[in-house]
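Visitor: I would like to learn how to read helix packing and burial in a model. Where do we begin?

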Amino acid sequence: MNRLLKLQIQLNKVIGEQEGKVAERDESLDWERLHMASSARCAWILAMQRGGCDPELAACAAAVHDFGRILTGKQKGHAEAGFIPVQHFLRDTGLFTEQEIAEIAEAVKKHSLKTEIGTPLEEVVKDADVIDCYQYGYPFDRPEKEERYKKWRRENGI
């Protein structure tokens, strides 16, 4: 069993623990479960295609990129809200080195900054996020998300 599977099992437990803790959620917990798993798969493929970061680590980062929204229930400020809690969560899993935790946490914190160019890991997480949302018919709520998606399509001849 690889780290991604172990991480997703632990993340699903956290998601389950959130049931009823937040009165109003911007996204359902069912969506969070689905988006966690499918963003991770997108990230794995993107990392393999691009190089520059480990596919397993990229998939793990994408799996937890919305950790702040899982905890708070709110879209606004969720990337920053997840920064510290995701570090605690990742440490508690015992699956990652301190360096990996720092890299994943930075990707979580910066994944909403779609117009800024970050590390290869951060870029994979940002792209996996918009690709995954688009495939399920979520509208682009900000023009920079749509532009990032279109750029990815252009770069891949799609």
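Guide: Begin with a helix pair. This is a predicted model. On the H1 side, Leu 4, Gln 8, Leu 11, Asn 12, Ile 15 and Gly 16 make the contact; on the H2 side, they meet Leu 29, Glu 32, Arg 33, Met 36, Ala 37, Ala 40 and Trp 44.

Visitor: How many nonpolar, polar and charged residues are in the contact of H1 with H2?

Guide: Eight are nonpolar, three polar and two charged.

Visitor: At what angle do H1 and H2 pack?

Guide: The angle is about 160 degrees, and the axes lie 10 Å apart. Angles over 145 degrees count as roughly antiparallel. H1 is therefore roughly antiparallel to H2. The crossing of H1 past H2 is right-handed.

Visitor: Which residues have the most contacts inside the largest nonpolar core?

Guide: They are Leu 7, Leu 11, Val 64, Phe 89, Leu 90, Phe 96 and Ile 104, in a core of 42 residues. Helices giving two or more residues to this core include H1 (3-17), H2 (29-50), H5 (78-93) and H8 (143-155).

Visitor: What does Ile 104 contact beyond four places in sequence?

Guide: Its partners are Leu 57, Cys 60, Ala 61, Val 64, Leu 90, Phe 96 and Leu 121.

Visitor: Now a charged residue. Is Arg 148 buried or exposed?

Guide: Buried means under 20% relative accessible area. Arg 148 has 8%, so Arg 148 is buried. Arg 148 sits in helix H8.

Visitor: Which residues does Arg 148 touch, leaving out those up to four places away in sequence?

Guide: Arg 148 touches Lys 114, Glu 116, Glu 123, Lys 126, Asp 127 and Val 130.

Methods:
Residues are numbered from 1 along each chain as its sequence is written. This is a predicted model: local features need pLDDT of at least 70, side-chain atom pairs count only at pLDDT 80 or more; totals for chains, interfaces and linings use all residues. Side-chain values use heavy atoms; hydrogens and water are left out. A nonpolar core is a set of buried Ala, Val, Leu, Ile, Met, Phe, Trp, Tyr and Cys residues joined through side-chain atoms within 4.5 Å. Buried means under 20% relative accessible area, exposed over 50%, partly exposed in between (1.4 Å probe, protein chains only). Helices (H or I, at least four residues) and strands (E, at least two) are DSSP runs, numbered from the N terminus. Contact means heavy atoms within 4.5 Å. Axes are lines fitted to C-alpha atoms, for helices over the stretch in contact, and angles run from 0 to 180 degrees between N-to-C directions. Angles under 35 degrees count as roughly parallel, over 145 as roughly antiparallel, 65 to 115 as roughly perpendicular and the rest as oblique. A crossing is left-handed if the near helix is turned anticlockwise from the far one by less than a right angle, and right-handed if clockwise. Ala, Val, Leu, Ile, Met, Phe, Trp, Tyr, Cys and Pro count as nonpolar, Asp, Glu, Lys and Arg as charged, and the others, Gly among them, as polar.
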